[in-house]
Every structure is written in C-alpha cells, then in structure tokens.
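Got your viewer open? Here is a short tour, with one selection at a time and a note on what you'll find there.

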Amino acid sequence: MLRDDLREMLREQFDFRELLCQMTARDLLLRYKQTVMGFAWALLMPLLNTAIFSFVFMRVAPIQTRVAYPLFAYCGLLAWNFTASALRFSVTSLTSNTNLVTKVYFPREIFPFSAVAVSFVDYAIAATVLVALMIYYRVAPSSAILLLPMVVAVHVMFTAALALLLAMANLFYRDVKYLFDVFLTVWMFASAVVYPIDAVGGRVGALIRANPMTGMVEAYRSVLLYGAAPDPASFAWTTAVTVILLPSAWLLFHRCEFRFAENI
Amino acid sequence: MRRVIFDGVWKAFRRGERHDSLRDLLPALVRRSLGRQRAVSENVFWALKDVSFDVQAGEALGIIGRNGAGKSTVLKLLTRILKPTRGSCAVVGRSGALIEIAAGFHPDLTGRENVYLQGAIMGMRRAEIAARFDDIVEFAGIEPFVDTQVKRYSSGMNARLGFSIAAHLSPDVLLIDEVLSVGDMAFQEKCQARMKQFRDNGVAIVFVSHYLPAVARLCNKVLLLDQGATVRLGTPPSIIAEYCSGSRASDENDVAIKARLRRSRADRVDDTFEVAAGERLNLDVTVQFRVEVEQATLGVVVWDLTRELYVYGASSDFVGVPPIRARAGDLRTFSFTFDANLTRGLYAIELNVVDADRHRFLGIARGIIHFQVVEQISYDGIANLYLAGREGASVHDLRQAHPGIAR
C-alpha cells in the first residue's frame with residue numbers, strides 16, 4: 001500500500017515533468033509581463049533588508065560577525081528569502097487555481113512545487129549579488145564550496161515539504177494564510193538570519209538552534225563565507241528533519257489529493 | 001476492448017455546514033465532542049447511486065439527465081478529480097478530458113503560450129504540441145491573433161482554441177462535457193465532425209450534454225440518469241424519447257390508442273427508427289373507445305424531441321375523415337400518410353382523440369412513436385424546404401428535379 005503510493009507519486013511527477021516546467025515558466029513569464037521591474041524584484045527584498053539590518057547592527061547596536069556584516073546579512077537573508085517567498089507563494093497555490101483543481105486532473109503537487117521552483121529562480125538571480133559582495137569584501141571561497149550543492153538540495157527539499165503542507169492546509173482552512181504571515185515574521189527572527197547564533201545563549205539559544213532554518217542558514221555561511229564544512233550537529237539535525245518531513249508531507253498530500261476538488 | 005469501466009459506483013458528498021476556516025472548525029470540534037453534532041449520515045448527499053456502464057473502443061456513450069442528475073460527477077470520477085465512495089471506475093489508456101476546455105488558459109498569456117500550457121495540462125509533450133501547433137491554430141481559426149493575449153479574445157475564440165487543442169490530442173478515451181454549446185454553428189459542426197472522426201478511429205467517447213441533437217448524432221448508446229440513479233441505458237432514439245416525454249405523461253382514460261409507423265414500401269420502420277429526409281411514411285392508428293361519443297376527431301402532432309418544438313399539428317377532420325361516432329367498446333382503425341420533410345433530428349408523434357362536441361380530450365398518447373431523420377447534408381432549422389439553386393436566371397422550377405420531393 002505504502003510502496004504503491006510512493007511509486008505512484010514518483011511516476012506521476014515523472015509523467016508530468018514537463019507540466020511542472022510549463023507552470024513554472026508561466027508564473028515567471030506572468031511576473032515579467034505584469035510588473036515593470038520584472039526580475040529586479042528578486043533582488044529588491046534581500047537588498048533592502050540587508051540595508052536596514054546593516055544600519056541597525058552596524059550603527060545602532062553594533063554586533064561582531066566573522067565577515068563584514070552586510071555580507072553576513074545578505075547571505076542569510078538570501079537563503080531565508082527563498083524559503084519565505086516560496087512558502088508565501090505556495091500557501092495560496094491551490095486556492096488561487098480553483099479552476100484547474102476542480103476541472104482538470106494532474107498531480108496537484110505541481111502547484112506547490114512550481115511555487116518553489118519560481119522562487120528558486122529568484123534565488124539564483126539574487127545569488128549574483130552575493131558573488132558581487134564577496135568580491136567587494138574580498139572573501140574567497142575555499143574547497144568547502146563543493147558542499148554547496150548538498151546544502152542547496154536539503155534547503156529545497158525542506159522548503160518543498162513545507163510548501164506541500166501549507167498549500168493543503170490553506171485549501172481546507174482558509175485562515176492558514178493569515179496565520180502563516182504572522183508566523184513568518186516571528187520565524188525569521190527565530191532563525192539566526194540577521195545575527196550570529198553564537199551571540200545567543202541559554203534556553204532561548206537552544207530553542208533557536210532547534211529551529212531547522214538556523215542550521216540551514218548557518219550551513220550556507222560556513223560553506224560560502226567561512227570556508228568550512230557546516231557545523232555537523234546543527235546541519236545533521238536540519239537534514240534529519242527534512243528527510244523525515246518530505247516523504248511524510250508528500251504522502252499525506254497524495255492521500256488527501258482526491259478530496260481537494262470537493263473542499264476547495 | 002473495454003476502455004471505460006464504471007462498476008457499481010456510488011458517490012457521496014457532504015452537505016450542510018462545512019468548516020473552511022480554523023475559526024469555524026474549533027467551535028465545531030467542541031460541539032461534536034460534546035455530542036451535539038447531528039449524525040454524519042444526515043449530512044450526506046448521494047450524487048451517484050450504483051451506476052454501471054462500460055464503453056468499448058470506437059463507441060460513444062452519451063449521458064443525459066436534468067441538472068443535478070449526476071452527469072458531471074461521472075466525468076469527474078473518470079478524470080480522477082473525484083474518487084468513488086463505493087465501487088470502482090477506470091479508464092484504460094491515455095485519456096483526454098474536455099471538461100472545461102479553456103480551464104487552463106491564463107488571460108495575460110498569449111494564444112501561443114496558452115497552447116503550450118494547456119497542452120501540457122492535458123498531458124502532451126512539448127515536442128508533440130510543437131509538431132501540431134500550426135494545425136491547432138488553423139483549426140481554431142485564430143491565426144492572426146496567435147500572439148495576442150487571451151484576455152483580448154472573444155469568448156468564441158477562447159472556446160475554439162480550447163477545443164482545438166483537445167482535438168489534436170491523440171487519446172484512447174475522450175471525456176467531453178458540454179463543449180458543443182460554445183462557438184458558432186459552423187464551429188460546432190466542425191467539432192462534431194472531429195468527434196465522429198475520433199470515434200470512427202477507435203477512440204472511446206463519454207459525452208455529457210444537454211444538447212440532445214448532438215447526443216443523437218454522435219452516440220451509439222445513451223445513459224439516462226435521474227437524481228444519481230440509472231433510469232435506463234439504451235439506444236439514443238429510445239432513451240432520448242423517454243427523457244423528452246418523461247414530463248408529459250400519456251392520459252388515456254376514455255380511449256386506448258395504439259399506433260405504428262410504416263415506410264411506404266417496407267413493412268415497418270426498423271428498430272433504429274431511421275428515416276430519410278422527405279421519405280413518405282404511413283401511420284396506422286387503432287383507437288379503442290371506452291365511452292360513447294357522437295363526434296370525435298383524431299389529432300396528429302409531431303414534436304421535435306431534441307429541441308422541444310411543436311413542429312406540426314393536424315386533425316382527422318382537416319384531411320377529410322368524417323367525424324367519428326362510436327360506442328363504448330368500439331375498436332376503430334385509421335391510416336394516415338405524411339412526408340418527413342424535416343431536417344435531421346429526433347421526432348415524436350403524439351396522438352389525441354377529442355370529443356368535438358364538448359371540446360374535451362378523450363385521450364392523449366405521447367411518446368409511443370418516435371423516429372430519427374437522417375441525411376447527409378445538415379440543414380439548420382426544422383422544416384426541410386429542399387432549397388435548390390444554380391447560377392444565372394432561370395425560368396424553370398429547379399425543384400422539379402429534386403428526387404426527394406413527392407409532388
């Protein structure tokens with residue numbers, strides 16, 4: 001039963017792989033057509049946030065970081081922004097496509113997955129600014145950068161798992177979207193995105209370390225900026241959460257799928 | 001080969017209060033745990049009750065019924081949008097669904113972009129769509145607008161493009177819902193021709209429609225549903241006639257009317273009830289009187305079943321049959337002749353006996369005779385006026401040459 005479901009899930013994704021590309025292309029194309037700035041939006045959010053936090057943590061309340069603060073913050077915000085925008089987009093991915101959900105059949109995972117894919121394209125675009133900052137601050141990557149694909153893979157899978165859960169939750173309960181907006185704000189500050197995790201100790205520090213996004217963001221900084229492998233304990237925790245979360249979220253999604261059309 | 005299998009399917013929907021926000025859910029959970037929630041069974045609505053059928057390759061099944069009969073639910077189960085509550089259904093092979101042909105269109109994308117998107121939604125590969133792109137656009141007749149945003153299209157163009165994409169799939173099974181009610185007459189004809197072509201090439205078709213003429217033309221068999229249950233599964237003329245006459249029951253209190261239709265040459269119209277346009281038909285009627293009557297007349301009315309139109313009405317006294325005087329228990333026979341000067345479609349004959357003195361119906365027989373007019377060329381409308389023509393002025397009556405006309 002379980003094995004049949006898993007096989008069906010993967011086969012469907014394989015059969016409809018072109019649709020995933022098409023849906024992603026559709027959303028990218030639409031944004032490019034509908035907004036004046038097009039892909040510049042991808043850069044705006046992390047840049048603006050970096051400027052704000054640089055002002056706060058360099059002028060108002062200076063804190064010590066291993067690399068220049070703007071570089072530190074941009075790296076964190078870049079990674080955070082991918083997860084945040086992918087999830088913000090996928091929460092409504094099913095409910096804003098009512099017509100397709102009720103009238104046509106194809107694997108519904110395509111909706112949250114394409115939301116993640118669209119945000120990933122933004123992520124890649126915004127990453128060019130990180131490269132520019134690294135050059136500006138003369139931070140050269142070491143061989144640790146070879147671990148980057150692994151970090152990115154875990155990050156995408158973690159985000160995809162949450163995207164599935166949120167899209168489904170918002171289909172059944174429409175206020176999930178509003179709750180999630182509130183949660184995102186809290187979550188960012190609980191994820192050591194704009195401050196170093198070493199700066200927080202005690203019980204609060206332990207809580208922040210238990211948050212999988214902390215390990216995620218720190219792993220990026222390690223392989224890109226510090227030239228070291230990710231901290232084994234925290235990255236292993238993030239990976240473990242991802243490895244358990246993705247298959248269970250997907251399976252749950254798949255088994256609820258046939259109720260979507262009746263409940264949307 | 002069985003392409004569509006629908007085996008004892010039941011489908012329930014929940015009815016009544018539904019919690020689509022957490023704010024509603026929490027109080028409802030509390031109420032349920034306190035036992036104040038009504039039993040779940042009271043909130044269940046059965047959209048389908050034990051429906052079974054199958055469709056072979058090269059067959060077309062029509063599904064008809066009033067609104068809420070469960071027609072669309074059948075299609076949604078076949079496309080896997082819904083799952084049956086009990087029973088099983090399956091589609092063997094690649095299925096193409098035309099449930100809402102333009103569902104995947106995005107108004108801000110161009111026709112070209114939408115063709116690729118919609119094609120992918122229907123399960124086509126990019127290379128397949130690219131290979132058929134020109135055909136799709138040509139079939140839809142939107143060549144000049146292919147790079148225009150779809151929001152600037154008329155609804156007709158939208159529908160034409162949607163159908164055209166679906167028409168260029170190469171499915172084993174085609175599921176169609178009401179698509180023929182869109183577009184102009186000429187395009188509808190084109191769609192129907194295309195679907196017939198699919199059927200003749202071995203595609204299994206399930207066709208849901210309110211538009212009965214299309215059902216009559218395309219389908220080999222028809223399923224009549226009423227409130228989720230199967231009323232009958234059979235040949236198109238008989239099922240459509242049953243559906244159309246369902247609301248007008250016969251009333252034969254004072255007389256019993258029997259009738260049959262014969263071709264002028266053959267003994268009787270065969271089981272398919274198919275007659276050619278303009279064919280001369282004989283109608284034999286027997287009336288058994290249960291009451292005494294001084295002056296009765298026999299009325300013959302022809303209905304266009306699929307369009308629900310009153311086509312023709314005449315009475316026995318119009319055509320020189322003397323008023324009928326009868327006693328209770330008398331059995332009388334009458335014969336009539338008429339020409340089926342009709343366009344293609346499905347027709348029913350209604351017979352009535354009227355007491356001319358008292359202006360009262362003694363009995364009406366409805367839905368006992370029906371026939372289908374078939375013809376190669378499809379004229380619009382009901383009456384076949386045998387239009388003839390040629391270029392240039394003429395003093396001759398061109399219609400004299402028409403073989404179909406009797407006089």
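## Stop one: chain A

Select chain A to begin: 40% of its 264 residues count as buried. Keep in mind as you click around that this is a predicted model. Now colour chain A by secondary structure. You'll find 12 helices and zero strands, so the pattern along the sequence reads α-α-α-α-α-α-α-α-α-α-α-α.

How does the radius of gyration of chain A compare with the globule rule? The radius is 19 Å, close to the 18 Å that the rule gives for 264 residues, so chain A is as compact as a globular protein of that length. Turn chain A around and follow the C-alpha trace, which spans about 55 × 45 × 35 Å along its principal axes. If you switch on contacts, take those between residues at least 6 apart in sequence: 78% of them join residues at least 24 apart.

## Stop two: chain B as a whole

Now hide chain A and select chain B. Here you get eight helices and 18 strands. Chain B has 407 residues, and buried ones make up 39% of them. For its contacts with a separation of 6 or more, residues 24 or more positions apart account for 74%.

## Stop three: where the chains touch

Bring chain A back and select the residues in contact between the two chains. How many residues does each chain put in? Chain B brings 27 residues and chain A brings 22 residues. Stay on the chain B side: the elements giving two or more residues there are helix 1 (22–33) and helix 3 (111–121) of chain B. Helix 3 of chain B gives the most, with five residues. Colour that side by residue class and you'll see 13 nonpolar, four polar and 10 charged residues.

## Stop four: helix 5 of chain B

Next, select residues 155–167 of chain B, which make up helix 5. Try a distance between its end C-alpha atoms: they are 18 Å apart, which agrees with the 18 Å that 13 residues should span at 1.5 Å a residue.

Is this helix mostly covered or mostly open? Mostly covered: 10 of the 13 residues of helix 5 of chain B are buried. Among them are B:Asn158, B:Arg160, B:Phe163 and B:Ile165, and the buried ones also include B:Ala166 and B:Ala167.

Zoom in on B:Ala159, which is found in this same helix 5 of chain B. Why does B:Ala159 count as buried? A residue is buried if 20 or more other C-beta atoms lie within 10 Å of its own, and B:Ala159 has 22. Then add B:Phe187 to the view: B:Ala159 and B:Phe187 are 28 residues apart in sequence, and their C-alpha atoms are 9.9 Å apart in space.

## Stop five: a three-stranded sheet

Stay in chain B and look for the open sheet whose three strands come in the order 10-12-16, with antiparallel pairing. Its edge strands are strand 10 (255–263) and strand 16 (331–339) of chain B, each pairing on one side only. Neighbouring strands of the sheet are turned by 20° against each other on average, direction ignored.

Select strand 12 of chain B, residues 280–289: nine bridges join strand 10 to it, and the two run antiparallel. Two pairs are worth clicking here. B:Leu261 has B:Leu283 as its bridge partner, and B:Lys258 stands opposite B:Thr286. Now go to strand 16 of chain B, which pairs with strand 12 in the antiparallel sense over nine bridges. There B:Arg280 stands opposite B:Asp339.

## Stop six: a hairpin

Move on to strand 13 (residues 293–304) and strand 14 (residues 309–315) of chain B, which run antiparallel and are joined by six bridges. One pair to pick out is B:Val302, which stands opposite B:Tyr312 in strand 14. These strands form a hairpin with four residues between them, where B:Glu308 takes a positive phi near 50°.

## Last stop: a loop residue

Finish at B:Tyr211, in the loop between strand 7 (204–208) and helix 7 (212–218) of chain B. B:Tyr211 has 17 C-beta neighbours inside 10 Å, so it counts as partly exposed. Add B:Glu178 to your selection: the two are 33 residues apart along the chain, with their C-alpha atoms separated by 7.8 Å.

Notes: Residues are numbered from 1 along each chain as its sequence is written. Chains are lettered from A and ligands numbered from 1 in the order in which they are written. This is a predicted model: local features need pLDDT of at least 70, side-chain atom pairs count only at pLDDT 80 or more; totals for chains, interfaces and linings use all residues. Two residues are in contact if their C-beta atoms, placed from the backbone, lie within 7 Å. Ala, Val, Leu, Ile, Met, Phe, Trp, Tyr, Cys and Pro count as nonpolar, Asp, Glu, Lys and Arg as charged, and the others, Gly among them, as polar. The radius of gyration is taken over C-alpha atoms; the globule rule is 2.2 Å times the number of residues to the power 0.38. A residue is buried if 20 or more other C-beta atoms lie within 10 Å of its own, exposed if 12 or fewer, and partly exposed in between; C-beta atoms are placed from the backbone. The expected span of a helix is 1.5 Å times one less than its number of residues. Two strands pair if DSSP finds at least two bridges between them. Axes are lines fitted to C-alpha atoms, for helices over the stretch in contact, and angles run from 0 to 180 degrees between N-to-C directions.
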